[in-house]
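Reader: I would like a close look at the part where the chains meet, please. Once that is clear, could you carry on into the places around it that you find worth a visit?

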Amino acid sequence: MHSFAACLPFAILLPFAAMILHGAAPSRDGGRAANRNGGRQGGDGRHGSDGLADRNRAQARAALIFQWVYGAFLTGISVMAMMSPGGFRIVGRAVALGRSDLMVEPALYLDARNAPFLLLLGLCLPLIFTWLRDKDGRYGPSYYVSANLLILSLAGVFLADSLVLFYLFWETALLGAYFWIGLHGRANIHSGSVYSALIRFFLFTLVGSLPMLVSIIALCAAAGKDPGVNGILSAASALDAGQRNWIFAGFLLGFAVKLPLFGFHGWLRDTYNVSAPACRALLSGVMSKMGAYGLILILAQGFPEECLRYAHQLQILCVLGAVYGALLCLAQERLIDILVYSSLSHLSLLALGVFSAAGETFSTGLTAAIFQVFNHGLIMTALFAFDARIAIGGESPLLSATGGLRAGQRRLAAVLLTAIFASCSLPGMSNFAGEILVLFSAFTASPWLTFLASIGALIGAAALVRGFHMVFLGRRKGPEAAGFTQAPDFSLGETGLALALIVLWVVLGLYPMAFLHPVESTLLNPAGHGMAFLP
Amino acid sequence: MNPYLLSQAPLILGFVFLLAVASLRPTGRESISNVIAILALCSAAIAIWKFLPEGAQYFGGAIRVTSVGKALSYLCLGLTAVALILSEDYLEKVHIHGVDWRLVVLALALGMVNLCFAGDLATLFIAYELVSIPSYVLAGFSHKDPRSNEAGMKYLLLGAFSSVLFLLGLSFVYGATGEIHLMAIHDHLARAVEAGANGDLILAKVGLGFMLGGILFKVAVAPLHSWLPDVYQGTNLASLALISSPVKVAVFGMLGMLLWGAFEPLSDVWKPVLLAGAACSAVMGNLQAIVQTNLKRLVAYSAVVNAGFILLGILVNSVPVVVFYLASYGIMTLGSWAAFMAMGTPKADVDELSDIAGLGRTQRWVALAMTLILFSYAGIPLTAGFAAKFGVVLEALKPDAYLPHWTLAVVYLSVAAGLVSFYFYFQIIRAMWLQSPSLESADRKGARWPAVFVLTLSVVVILSLGMFLRLPGM
């Protein structure tokens, strides 16, 4: 068990190594090549020679292999952590942050509470990099460098126990997304320019993360050391109620923007629209779960009193998001926008589970929320990936201009429809189990809000099915009307991967206790880490 | 021989030696003059470490050695030495005679060291002027460049104004207390505050006000910062490396030592002033930087923002925090000038944001290093800038540190205004990484070794200060 905890840093080091290797690879980004061609082509190598495309394809292959290996590694350690009571923890040598009275212990932990997040990342990465593999050699190494920066930060955020480390990865995740979107995003006529979307996303996130930093520093000041994600409760108890309120508010702002909650979602649509398909899938599938992680493991666990005090206001915010997102789904013109807002609606439901977790339903609400994190992440990853595979170039279809696409993409249509059903909480699939639990927990808190939220879920489901109907069924329209060329259908392997995912949904839908039991028992009794120390 | 004279001897001897070299005017001896100047600085640091015990007083208290003063003097000498390395082959490009220039730098170094050790009002003022006058000369050194003339003139006129204010303040304080030694002034003021002798105190408070006005003007704390961007823009990069880094460190250090030392009894006068300065710097520095497209002016506004944070550090009465902040700020600033030197073409320096478009493709290492320095400015973890800001805010938020609500409000304001600074630092990052190179940038030659060396050095220092190093004794 002790030796097993030593694996945890590799969850961060592996993508870091991949990042360095991708960055060191020769490419069009390389200084010398650009210097040579800069004069003639204006430095734009997007339409480079075949050799360039070949090199980029080789990078894509390498990335695919790496993400499978890394995904298997993450899946392995998360499943191990969920099965072993107490989980694992590893502490590094304390380092000074500027002065000797401020030592920070870099600690990582993994138990059944955060393992679902890591498991989600481990499952999503192979899916994303397989379905959205760069077959045309369009993306240079900088694509994989920024992707791996984001990936290592996601793993770091989910694993970090010390708050300074948590903040570090929180910021580097933003940087990874910044460069991934900025370098490889593409604007279309439905979105603004890449940069305007990017800077909005960037500033929105910082509006949340800077107050969070102040809260982290305040907790460090109160505890005299870095209290760690698991030590917030005791560190905060030393403060008076007024100070705790402010600290709570700082954290809440950070997580509300990231998730996003209703009112903090201004960055959502354009950011997803301009980012590269793989980036979009990872952003929605895993990065938004950083916010969920904070809500569940920092706010609900560290500030139970404050959560209870403001529960009603926060629940209203969640229900507003669930209903508003669903209504927006109805008004959208394009499949991707429906997905974006249905994601907003579902994430609000998830947050409702967190904020209605109190008293008797404390562990039910949080367990359900963690389960929903896992379900929502996988479903959104699949949906965004499938959406990007409809057209060559990843353009999302316009509902009114397309129709009958199923004729050309039977396999894709089948798995997309199944994923949409999963997202609509079809009984027997895992999302149903999670959503029922969330609504059950919310019902004990406030029946009326629960009623409204379920209406929202219903509307969102209807909009998604309607979207599928308009794009894939009905009379077939030509590429002139659609404005894009339909991509080839899923290969057998890709379909097989999707089927495996669907099997996972059904298995967890029929027997959710396999997932819920370890999470709930650890939530109720989080102590008892298998400790290990780095030399 | 007097140990203090011994410790200053390397600088004085180096000065005299360079003067001799300069008067003989041997051409092509620039590198040798640089080596001599750097040697003089290093041996001065060693002499200070060897000969000056903490707590010693010389010349009847005119010089007083403290641990903070020693730490600051090492810092100033080290940063000056790094700036000299940076000047190695740059001065030729801006048509400056290197031997003359280094002569002025040694005089400046002498002033900074004395500023760190000043024990009475007279030494304080002399050292202050010995720092100021070479700074004006440095700013206007490229006398054929009209921008440089403007910078030098602006700096001289406004700097002279601030010196006069400072001197006026000193004379008021002397008049109020009848003392010239800083320790004696402290005791006198403490007694007066205890006895409630308002008559004396009013004069001293007015004097302190004038001094603060002068110093805050000098370090460009908002709203007294409007000259700074013009001076930065006009000054050549080598001189700027000195004016913006070691000189800032010395003057801020002096401010801290004065306020924590002699004027500690009057803290209810200077604390609100610093608080207001910090708030104004955070707001004005950040907001004015938004519309800037000139690189040097951007860094100037970031200097204003950082000045606000340093004032907060002084305000929370924490010596280690301030020294650490000054160290990291000094090296960050030098690193950014080194990066600008490395980005320049053989004929011209980089000027506008558009000049560095696509730098990530043409000069990857320089762009990476500059990105890291900007992360440090913005305060992203793992960098010195983050550790420094973290320290200031941590000190302010400590539950046992009694701070009025206003102080906390200003701390929050500074962090919130940091959001804007992220925006303008990332404008530079955007230009480097997300934009395509322009045609002219193709004839950018590889950077020369001094700039690359200093850039690498500053990256190493920024990362190690940010991650594990702590300053000795802090």
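Author: What follows starts at the contact between chain B and chain A and then moves on to places within each chain.

Please keep in mind that this is a predicted model, in which local features need pLDDT of at least 70 and side-chain atom pairs count only at pLDDT 80 or more, while totals for chains, interfaces and linings use all residues. Residues are numbered from 1 along each chain as its sequence is written, chains are lettered from A and ligands numbered from 1 in the order in which they are written, and side-chain values use heavy atoms, with hydrogens and water left out.

Let us begin with the contact itself (heavy atoms within 4.5 Å). Chain A contributes 45 residues, and chain B contributes 45 residues. Together they bury about 4,000 Å², with 72% of that coming from carbon and sulfur atoms; buried area is the accessible area, with a 1.4 Å probe, that two parts lose on being put together, summed over both. On the chain B side, B:Arg361, B:Phe390 and B:Leu434 account for 17% of what that chain buries, more than any other three residues.

Salt bridges (a side-chain nitrogen of Lys or Arg within 4 Å of a carboxyl oxygen of Asp or Glu) number zero between the chains. Two residue pairs are in polar contact across the boundary, both at pLDDT 80 or more; here a polar contact is a pair of N or O atoms within 3.5 Å, one able to donate a hydrogen and the other to accept it, and residues adjacent in sequence count only if both atoms are side-chain atoms.

Which helices of chain B give two or more residues to this side? They are helix 15 (319-343), helix 16 (359-362), helix 17 (364-378), helix 18 (384-397), helix 19 (405-434) and helix 20 (449-467). Helices are DSSP runs of H or I with at least four residues, numbered from the N terminus. Helix 19 of chain B gives the most, with twelve residues. By type, the chain B side has 32 nonpolar residues, seven polar and six charged; nonpolar covers Ala, Val, Leu, Ile, Met, Phe, Trp, Tyr, Cys and Pro, charged covers Asp, Glu, Lys and Arg, and the others, Gly among them, are polar.

Aromatic rings offer a nice way onward. Over all chains there are 49 aromatic pairs, meaning rings of Phe, Tyr and Trp (its six-membered ring) with centres within 6.5 Å; planes under 30 degrees apart are stacked, over 60 edge-to-face and the rest tilted. One such pair, A:Tyr167 with B:Phe386, is stacked, at 5.9 Å centre to centre and 15° between the planes. This pair crosses between chains, from helix 7 (residues 163-184) of chain A to helix 18 of chain B. Both residues are buried, that is, under 20% relative accessible area (1.4 Å probe, protein chains only), against over 50% for exposed and partly exposed in between.

For an edge-to-face pair, turn to A:Trp448 and A:Phe451, with 6.1 Å between centres and 90° between planes. They sit three residues apart, about one turn, in helix 19 (residues 447-472) of chain A. A:Trp448 is exposed because its relative accessibility is 67%, whereas A:Phe451, at 46%, is partly exposed.

Chain A also holds an aromatic cluster that includes A:Phe248, A:Phe251 and A:Tyr310. A:Phe248 is touched by A:Leu314, which also reaches A:Leu252 and A:Phe355, leaving aside residues up to four places away in sequence. A:Leu314 belongs to helix 14 (residues 311-331) of chain A and, at 6% relative accessibility, is buried.

Two prolines close the tour. A:Leu259 and A:Pro260 are joined by a cis peptide bond, omega about -10°, and A:Pro260 lies in the loop between helix 10 (241-258) and helix 11 of chain A. In chain B, the bond from B:Ala222 to B:Pro223 is cis, with omega near 5°, and B:Pro223 lies in the loop between helix 9 (198-218) and helix 10 (227-234). That loop of chain B also holds B:Ala220, whose phi is positive at about 60° although it is not a glycine. B:Ala220 counts as buried because its relative accessible area is 0%.
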